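I opened the file today to look up how the inside of this chain is put together. These are my notes, in the order in which I made them.

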Amino acid sequence: MRCALISTRLDLRRYLGPASAGIADRIEIVDHRPNCPDAQVRLAVAWHPPDDAFEYYPNLQAVCSIAAGVDNIIACPSLRPDIDVIRVVDPAQAQMMSAFVTWHVIWHQRRFRSYLDQQHNRIWQRIPQRAARDVPVAILGYGEIGQRVAADLATLGFQVMVWSRSAKLTPPSIRGFHGAAGVDAMLGETEVLVNLLPLTDETRGILNGELFGRMRRGGYLIQVGRGEHLVDGDLLAALESGQLDGAALDVFATEPLATEHPFWSHPKIVITPHDASEVRIDAIADTLVATADAIRIGQRPPFAIDRDRGY
Ligand code: NDP
């Protein structure tokens, strides 16, 4: 089966590296060439494709992302509604994300910013501590990654709440909320807010002043979803007013973050360059093979997202 590599941001052939050689007996990989129609292509790997990319593949059946998120593929105007969009599911990525989020939760709980300030001024002073059970953490999104993060934080003893679109069964150590009423109830008890939502029309701009205002005062934001979830000015205002005490930002509406952006120099913001977790290349290759196998036997590929929901 022929598979086209399509990206305006990455050299996908290089990115996939030896993993693409490992599947060459089952999948013929070709580079996308602008203005060159190819009726043999039934599968594609895409990351920020050009607007007209899919016009050249009349028999394309599925497009695989190289990540958990598919928003940049769905946003492509030439993507026909009948083409399946496939996300990558990688338990190792969920584990990596969990460690990243946990680090930030503990950074806030154990007041490491204060220790750094003290060290800077050579001050030896113990700081009153709070037990994990006294720190309520809410996770927006209880999907493949949110579930792993929630389970690990609960194991460490934090009060964990999760929010999803549909009602979910959760273990006793995790309280589940869903829908608009659910988020209201949850935010009133939230000190640390973790964003692990996909970017959709419904979730764009969800991290705004009104939402921060419903959290406990002095809260902390861990933003690892997508940059467009956050209203930047509202975060700065919430930090200024003390409604939020700090924020960890891994994703931004424009990446790389512009050097003049006020987030860079804000004393209460920790920035990482969209590095919270990454998918293993082998997991992408496995997804491609599973997708090609499903297409061959006329089945819907595993990990195909719901095009109507957008994730
Ligand atoms: P999933 O698709 O598995 O889960 C998404 C979750 O969000 C589901 O629980 C879903 O609810 C919930 N959700 C979606 N829309 C709404 C809504 N309108 N209201 C309430 N809940 C909603 O995604 P993953 O867990 O795999 O990944 C989540 C996101 O994390 C990715 O889309 C990406 O944006 C981000 N990410 C960031 C990375 C980074 O390095 N910074 C790395 C990997 C992912 P329901 O269960 O009811 O459908």
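The entries below go from the core to a helix, then to the strands and one loop residue.

Before starting, I noted that this is a predicted model, in which local features need pLDDT of at least 70 and side-chain atom pairs count only at pLDDT 80 or more, while totals for chains, interfaces and linings use all residues. Residues are numbered from 1 along each chain as its sequence is written, and side-chain values use heavy atoms, with hydrogens and water left out.

**Entry 1, the core.** I looked up the largest nonpolar core (a set of buried Ala, Val, Leu, Ile, Met, Phe, Trp, Tyr and Cys residues joined through side-chain atoms within 4.5 Å) and found that it has 28 residues, with Val101 and Ile139 among those that touch the most other members. Buried here means under 20% relative accessible area, with a 1.4 Å probe and protein chains only. Helix α4 (91-109) is one of the elements that supply at least two residues each, and α4 gives the most, with six. Helices (H or I, at least four residues) and strands (E, at least two) are DSSP runs, numbered from the N terminus. Leaving aside neighbours within four places in sequence, I found Val101 in contact (heavy atoms within 4.5 Å) with Val149, Leu153, Val194, Ile222 and Val224.

**Entry 2, helix α9.** Which residues of α9 (232-241) are buried? They are Leu235, Ala238 and Leu239. Seen down the helix axis, they fall within an arc of 100° (taken from the directions from the axis to the C-beta atoms), so they line one face of α9. These buried residues pack against α8 (209-214), β10, β11 (244-249) and β12 (269-271). Just after α9, Gly242 takes a positive phi of about 90°.

**Entry 3, the strands.** I then followed β11, where five of the six residues are buried. β10 and β11 run parallel and are joined by five bridges (two strands pair if DSSP finds at least two bridges between them), and Tyr220 has Gly246 in β11 as its bridge partner. β11 also pairs with β12 in the parallel sense, over three bridges, where Ala247 is partnered by Ile269.

**Entry 4, Leu257.** Is Leu257, in the loop between β11 and β12, buried or exposed? Leu257 is buried, because its relative accessible area is 11%. Not counting residues up to four places away in sequence, Leu257 touches Phe252, Phe263, Trp264 and Ile271.

Technical notes: Buried means under 20% relative accessible area, exposed over 50%, partly exposed in between (1.4 Å probe, protein chains only).
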